[in-house]
Amino acid sequence: MARKSTIGTNPLDAVVPMRRDETKRVKPQAEPARATKERVTFQLPIGLIEKARDVVYFSPGLTMASLMEEALLAQLERSEKKNGKPFPSRAGAALKTGRPVKAA
């Protein structure tokens with residue numbers, strides 16, 4: 001048994017005429033593959049976090065993740081420019097953990 005539409009007709013159909021090319025069904029295109037992402041956790045100064053939250057709050061469409069991704073990418077590009085070339089791959093070597101050791 002066919003299901004009956006509960007929405008009814010679209011009231012805008014009377015106001016906005018349908019163009020001829022809209023009458024044909026468009027095949028949904030496959031969504032592009034998303035880059036694999038990984039969660040990274042680290043601590044930042046509270047003032048910096050609050051400033052970032054303010055920027056995101058007052059910027060429609062911006063998220064904390066996208067802000068951090070853009071900022072990190074910009075900093076990495078600056079570091080590579082200062083280095084004169086891209087940094088070599090660490091080939092899976094683990095980073096040092098714990099508190100940073102201050103040079104004397």
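**Close-up 1. Helix 1 and helix 2 cross at roughly 115 degrees in this predicted model.** Helix 1 covers residues 46-57 and helix 2 covers residues 64-83. Their axes come within 9 Å. Angles from 65 to 115 degrees count as roughly perpendicular, so that's the label this pair gets. As for handedness, helix 1 goes past helix 2 in a right-handed crossing.

**Close-up 2. Here are the residues where helix 1 and helix 2 touch.** Helix 1 brings Ala52, Arg53, Val55 and Val56 to the contact. Across from them, helix 2 offers Met64, Leu67 and Met68. Sort these residues by type and you get six nonpolar, one charged and no polar.

**Close-up 3. Ala91 has a positive phi.** Look for Ala91 in the segment that follows helix 2. Its phi is near 55 degrees, and this is a residue other than glycine. For background, most residues other than glycine have a negative phi. Is Ala91 buried or exposed? Exposed means over 50% relative accessible area, and Ala91 has 71% relative accessibility, so it counts as exposed.

**Close-up 4. Stepping back, here's the chain that holds these sites.** The chain has two helices and zero strands. Of its 104 residues, just 3% are buried, with buried meaning under 20% relative accessible area. The accessible surface adds up to about 11700 Å². Carbon and sulfur atoms account for 59% of that surface.

Note on methods
Residues are numbered from 1 along each chain as its sequence is written. This is a predicted model: local features need pLDDT of at least 70, side-chain atom pairs count only at pLDDT 80 or more; totals for chains, interfaces and linings use all residues. Side-chain values use heavy atoms; hydrogens and water are left out. Helices (H or I, at least four residues) and strands (E, at least two) are DSSP runs, numbered from the N terminus. Buried means under 20% relative accessible area, exposed over 50%, partly exposed in between (1.4 Å probe, protein chains only). Accessible areas come from the Shrake-Rupley method with a 1.4 Å probe; for residues, only the protein chains shown count as cover. Axes are lines fitted to C-alpha atoms, for helices over the stretch in contact, and angles run from 0 to 180 degrees between N-to-C directions. Angles under 35 degrees count as roughly parallel, over 145 as roughly antiparallel, 65 to 115 as roughly perpendicular and the rest as oblique. A crossing is left-handed if the near helix is turned anticlockwise from the far one by less than a right angle, and right-handed if clockwise. Contact means heavy atoms within 4.5 Å. Ala, Val, Leu, Ile, Met, Phe, Trp, Tyr, Cys and Pro count as nonpolar, Asp, Glu, Lys and Arg as charged, and the others, Gly among them, as polar.
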